[in-house]
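Subject: Structure handover

Hello,

Here is the structure for you to look through. Please open it beside this email as you read.

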Amino acid sequence: MSKQCVAMILAGGKGTRLQALTKKIAKPAVYFGGKYRIIDFSLSNVANSGIDTCGVLIQYESIALNNYIGNGEKWGFNGVGGKCLCLSPRQTEEGANWYKGTADAIYQNIDFLDDEDPEYVLILSGDHIYKTVYNDMLELHIKSGASCTISVLEVPLAEASRFGILEVDNNDVITKFVEKPKVPKSNLASMGVYIFTYKELRKALLLDAKDEDSSHDFGKNIIPYLLDNNKKVVAYRFSGYWRDVGTLNSLHQANMELLPSNRNSDTIRFGEFPQIYSEDTHSLPQFISKSAVIKNSLINQGAKIYGEVNSSVISNEVYIAKGAKVINSVLMPGVNVLEDAYVNNAIIGPKTTIKKGEIINKDNEDVILIDYGRGLTKWRM
């Protein structure tokens with residue numbers, strides 16, 4: 001049976017700007033918010049939209065991400081008629097190839113889409129932090145008769161060169177699209193969220209695959225192809241919180257924006273629909289000692305706090321000893337901060353131990369990453 005819409009999540013990126021955090025795992029598998037992984041947001045958004053079939057395209061360090069996603073049970077994809085599959089590059093009669101770009105990743109899995117026979121395909125990135133449902137965007141796409149609909153938001157003009165920038169007419173029909181322009185003429189930025197009419201997408205992918213000069217990228221090739229051939233491409237204006245956590249600074253900032261003192265009208269609120277689903281670590285309840293001092297922080301289950309925590313995000317199985325201080329920091333699962341240690345303005349990687357009396361980043365406003373857990377050294381922005 002054909003489906004109305006199938007989701008494809010691009011999750012194969014290395015995320016080199018996150019340095020040691022992505023040395024052994026893909027960027028979408030990085031921990032976030034004390035409880036989640038980055039990819040939880042895209043998968044939850046798809047599930048909350050009522051889309052029951054999802055392909056996750058993996059490549060770099062795929063084992064951990066593949067194991068984490070499993071059959072999609074955490075997000076409810078394992079019901080009757082539903083599925084969530086990790087799709088990695090594979091050897092075929094044509095040979096074995098890594099994904100050459102975002103469009104090529106979808107092209108290499110065109111047989112998966114053909115089997116599902118969807119009317120529409122939702123394509124997402126697996127490394128953005130936001131809560132939404134895609135139903136209104138799909139409704140706009142259907143009513144407008146577009147070949148492609150792009151979710152967009154306004155960004156500061158000074159940052160526009162980091163994004164795919166588009167121009168629209170009075171009806172939000174896209175008239176021009178430039179990927180990461182040196183001199184942006186607009187501040188209307190693509191979020192990397194697309195809905196395609198599958199027949200149009202399939203034609204474009206087949207043609208692009210034959211073009212040896214193509215970068216096989218949606219922003220650089222597929223969208224310009226549609227516009228050049230007078231296909232209707234429309235903008236869907238997104239409102240709300242959205243973050244690309246591609247650097248240590250942006251990852252740290254997005255974690256800090258979860259804290260009560262930093263919330264505003266757009267900030268993610270986990271207790272409200274749509275929910276974000278994640279792995280149950282089956283941790284013991286958190287333990288807060290009488291000696292602990294906690295201010296403006298998020299503390300996940302399994303944490304044991306004896307020291308001082310201020311404006312920080314603390315993950316499961318974290319231990320903070322008596323006399324230790326953690327300020328304005330993100331501690332990932334399994335971190336140990338021993339007696340009289342001091343941690344400031346830092347991201348501490350999983351299973352890292354901060355030694356007794358060790359001082360990390362005192363009186364420094366720059367974010368620092370410490371990842372001793374896998375035998376690595378200090379990394380600084």
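Below are notes on helices, cavities, strands and backbone angles.

This is a predicted model, in which local features need pLDDT of at least 70 and side-chain atom pairs count only at pLDDT 80 or more, while totals for chains, interfaces and linings use all residues. Residues are numbered from 1 along each chain as its sequence is written, and side-chain values use heavy atoms, with hydrogens and water left out.

Helices

Helices (H or I, at least four residues) and strands (E, at least two) are DSSP runs, numbered from the N terminus. Buried means under 20% relative accessible area, exposed over 50%, and partly exposed in between (1.4 Å probe, protein chains only).

Helix H1 spans residues 39–48, and nine of its 10 residues are buried. Among them are Ile39, Phe41, Leu43 and Val46. Asp40 is also on the buried list. Gly50 follows H1 and has a positive phi, near 80°.

Helix H7 covers residues 218–228. Eight of its 11 residues are buried, so the rest of the structure largely encloses it. The buried set includes Phe218, Ile222, Ile223, Leu226 and Leu227. Pro224 is buried too. At the start of H7, a side-chain oxygen of Asp217 comes within 2.9 Å of the backbone nitrogen of Gly219. That is a polar contact (N or O atoms within 3.5 Å; within protein, one must be able to donate a hydrogen and the other to accept it, and residues adjacent in sequence count only if both atoms are side-chain atoms). Just after H7, Asn230 has a positive phi of about 60°.

Cavities

A cavity is a set of points on a 1 Å grid over the protein atoms alone where a 1.4 Å probe fits but cannot get out; lining residues have an atom within 4 Å of a point. Points are joined across faces, edges and corners, and a volume is the space filled by probe spheres set on them. There are two cavities of 30 Å³ or more.

The largest holds about 60 Å³. Its lining includes Tyr130, Tyr134, Met137, Met191, Tyr236 and Phe238. That lining has eight nonpolar residues, two polar and no charged. Here Ala, Val, Leu, Ile, Met, Phe, Trp, Tyr, Cys and Pro count as nonpolar, Asp, Glu, Lys and Arg as charged, and the others, Gly among them, as polar.

The second largest has a volume of about 30 Å³. Strands S2 (31–32) and S24 (330–331) each supply at least two residues of its lining. Lys35, Asn255 and Val313 are among the other lining residues. The split is six nonpolar, four polar and one charged.

Strands

Two strands pair if DSSP finds at least two bridges between them. S11 (residues 164–168) and S12 (residues 174–179) run antiparallel, joined by five bridges. Gly164 stands opposite Glu179. The two strands form a hairpin with five residues between them, and Asp172 in the turn has a positive phi of about 60°.

Five parallel strands form an open sheet, in the order S17-S20-S23-S26-S29. S17 (293–295) and S29 (359–360) are the edge strands, each with a single partner, so one side of each has no neighbour in the sheet. S20 (residues 308–310) and S23 (residues 325–327) pair over three bridges. Glu308 has Lys325 as its bridge partner.

Backbone angles in loops

Most residues other than glycine have a negative phi. His282 has a positive phi, near 55°. His282 is exposed, at 66% relative accessibility. Asn296 also has a positive phi, near 50°. Asn296 sits between S17 and S18 (298–299) and is partly exposed at 22%.

Best wishes

Note on methods: 1 Å grid on protein atoms, 1.4 Å probe; cavity = no way out; pocket = protein on both sides within 12 Å on 5 of 7 lines; lining within 4 Å.
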